[in-house]
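Dear colleague,

I am passing on the structure below, and my notes on it follow. Please read them with the coordinates open beside you.

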Amino acid sequence: MKALISGQVGTAVLIEEEKIASFSIDDPDQIIERSEHEIHCIFHDATDFTILKDTNMDHVLSELDKLWKKDRAMHMLLILLDNSEDNDTRQLASECLEEYLSDDIEIYLTDYLYTSPLPSSADLTGALEISQNSNQVRAIGFFKTLEINQSMITKCNEAWNALPIDLFETLEYKEDFRMKAISAGAFRLFVIEQGKKDKALLDLLLNPAFKGDVKSRAILQQWAAPFKNDTLNKEIINEDYLKDTPLFQKFINKIPILKRKSAQEKLTNVEKNKLAIKKYFSQGKYPKAWKYTEYLIEDQRISSEPKHISQTLCDLAQHAKSIGDYKLQLKLSEWAIEEMPNDGWAYTQLGDAYRLLNKFDEALNSFEKAASFGEKCVAHNGRAEVLKAVGRFDKALMTYEETIKRFPNDAVAYDGRAEVLKAVGRFDEALIAYEETIKRFPENEVANNGRAEVLKAVGRFDEALMTYEETIKRFPNDAVAYNGRAEVLKAVGRFDEALMTYEETIKRFPNNVVAYTGRAEILKAFSRFDEALIAFEETIKRFPENEVANNGRAEVLKAVGR
């Protein structure tokens, strides 16, 4: 059996002959059958993707657990070092960090933290104080050692940067070697073995990554040369602490605490920064989010290609769409095209933003350009969406049919066809289309939810409710199904249950604007106007660009005579 795992995603995919299945770290007993095309969707954001060959279930579980704990530990550490977080959050991060810390995780953290000195924005003193207040023994030792070693970390980093490119032949090889050096613990060893340069060198030269390689020996020896006059301060270097601590890493929604050079680290850093930026956009902190976006793009310009910058901006544009801010989606998409004018995917994002802003001519033009740059399938679907939006349903249906014929494995086209049939009231055909889609793509959440919507539209409420509940059971992270269930309950007059469902959805998906507006609408329908007004104002505060919430607030004010 072969397995693909990621601690960041918290998922393992098992491959045995032609059978593919997956399970999550949260529920390893629930094995879900998968198709080959889903693997990319599962791991597309992961930067710790690992392949295990000739393995078994026990080994997969063990390795996934290790990666997952490393990821969480790194995340907790970054939160602890970030003084913009509130004290309660940092306190909780300290407790979690102490729980995760182990010898292996502490080594993992030091391997990355020792690659460069902490920036001035990192609140190491605050992190140490929080750990001391809670008597988090391992974390205290880790932070004390980290603080003491900053000078040597700086020297080690400067010595690395000073190595001439000629020694590596190419800049790319130097970057690759640095990534290999981090994995082998080179930075950590040179720091903690300050006065024992020869011991650190020997450990590294015996490492399988470098053993027997003349070129690696020359690089490591030249790198270590500047440390020869350093003396070991035994009071400062507490190796017991280094053997005992664990730290942080999953959503890593903080702007980089570490400066990284290797290709893998750069990618990891970008992903972490994007998560931070998305969080700020979702919270309505637009100036901060935009500032960090500019910082991230400037950093990428130094070390990445235009296509990578465009990918970053497109990803952020998709997030802007998910929170209902289509103007922001448009702005980010335009920026992506400025960075890479021939990026077909950026044009699909641009076209989608224009469509959602009802600028249909611009949308069609953008989709045409996307097709010319290779994104033919997505462009076809985008064009069909525009045709549907302007009421040209027959043409939209024909376009989806053509896309299905040309790209028979594209689930989006199947979903789109069913959506058009539903939009024109051809419910029987829409139901058949959704069922066909579900049969072909059983893991397609959109089709399952679409089928439930059709059942609701034709008054088959019990079946619609059952379908939503089955979807929630199969796809517990699908907010659409939760909101759909609440809508059905509201439609049949079960308002208390609908309100409870919206509350549950908000708790599970705190950035889902539909649930917030749905809750407020029910309170308004109950004439609980004071509560409705508070609910709408909370929604506006979290999602300032949401038109539904702003209009809903106005309706409540009108209803109470204000």
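To begin with one side chain, Arg417 counts as buried, at 10% relative accessibility, where buried means under 20% relative accessible area, exposed over 50% and partly exposed in between, with a 1.4 Å probe and protein chains only. Please bear in mind that this is a predicted model, in which local features need pLDDT of at least 70 and side-chain atom pairs count only at pLDDT 80 or more, while totals for chains, interfaces and linings use all residues. Residues are numbered from 1 along each chain as its sequence is written, and side-chain values use heavy atoms, with hydrogens and water left out.

Salt bridges

Arg417 meets the side chain of Glu401 in a salt bridge, at 3.6 Å from N to O, the term being used for a side-chain nitrogen of Lys or Arg within 4 Å of a carboxyl oxygen of Asp or Glu. This pair links distant parts of the chain, since Arg417 lies in helix α21 (residues 411-423) and Glu401 in helix α20 (residues 393-406), 16 residues apart; helices (H or I, at least four residues) and strands (E, at least two) are DSSP runs, numbered from the N terminus. Unlike the buried Arg417, Glu401 is partly exposed, at 36% relative accessibility.

The structure holds 34 salt bridges. Another of them joins Glu469 to Arg485, with the closest N and O atoms 3.2 Å apart; Glu469 lies in helix α24 and Arg485 in helix α25, so the pair ties together parts that are 16 residues apart in sequence. Here Glu469 is partly exposed, with a relative accessible area of 35%, whereas Arg485 counts as buried at 19%. Arg426 and Glu429 also meet in a salt bridge, at 2.8 Å from N to O, and in this case Arg426 is partly exposed at 32%, as is Glu429 at 38%. In addition, Lys321, Asp352, Arg355, Glu385 and Lys388 are linked in a network of salt bridges.

Helix α25 and a buried glutamate

The helix that carries Arg485 can be checked for regularity of length: at 1.5 Å a residue, the 13 residues of α25 (residues 479-491) should span 18 Å, and the end C-alpha atoms are 18 Å apart, which agrees. The expected span is taken as 1.5 Å times one less than the number of residues. Among the buried residues of α25 are Tyr482, Asn483, Arg485, Val488 and Leu489, and what covers the buried residues includes α23 (445-457), α24 (461-474), α26 (495-508) and α27 (513-525). Just after α25, Gly493 takes a positive phi of about 80 degrees.

Elsewhere, Glu339 lies in helix α16 (residues 326-339) and is buried, with a relative accessible area of 18%. Leaving aside residues up to four places away in sequence, Glu339 touches Ile297, Arg301, Pro306, Ile309 and Leu313, contact meaning heavy atoms within 4.5 Å.

Aromatic residues

A search of the whole structure finds 21 aromatic pairs, where rings of Phe, Tyr and Trp (its six-membered ring) pair if their centres lie within 6.5 Å, and planes under 30 degrees apart count as stacked, over 60 as edge-to-face and the rest as tilted. One of these, Trp160 with Phe177, is stacked, at 6.2 Å centre to centre and 15 degrees between the planes. Trp160 lies in helix α7 (residues 150-162) and Phe177 in helix α8 (residues 171-183), so the pair ties together parts that are 17 residues apart in sequence. Trp160 is buried at 2% relative accessible area, and Phe177 counts as buried at 1%. The rings of Phe168 and Tyr173 have their centres 6.4 Å apart and their planes at 50 degrees, so that pair is tilted; Phe168 counts as buried at 1%, but Tyr173 as partly exposed at 24%.

These four residues belong to one aromatic cluster, which also includes Phe187, Phe190, Phe210 and Trp223. Two lysines should be noted alongside the cluster: Lys174 lies over the face of Trp160, at 5.4 Å from the ring centre, and the charged end of Lys215 sits over the ring of Tyr173, 4.3 Å from its centre. A charge is taken to sit over a ring if NZ of Lys or CZ of Arg is within 6 Å of the ring centre and within 35 degrees of the ring normal.

With best wishes
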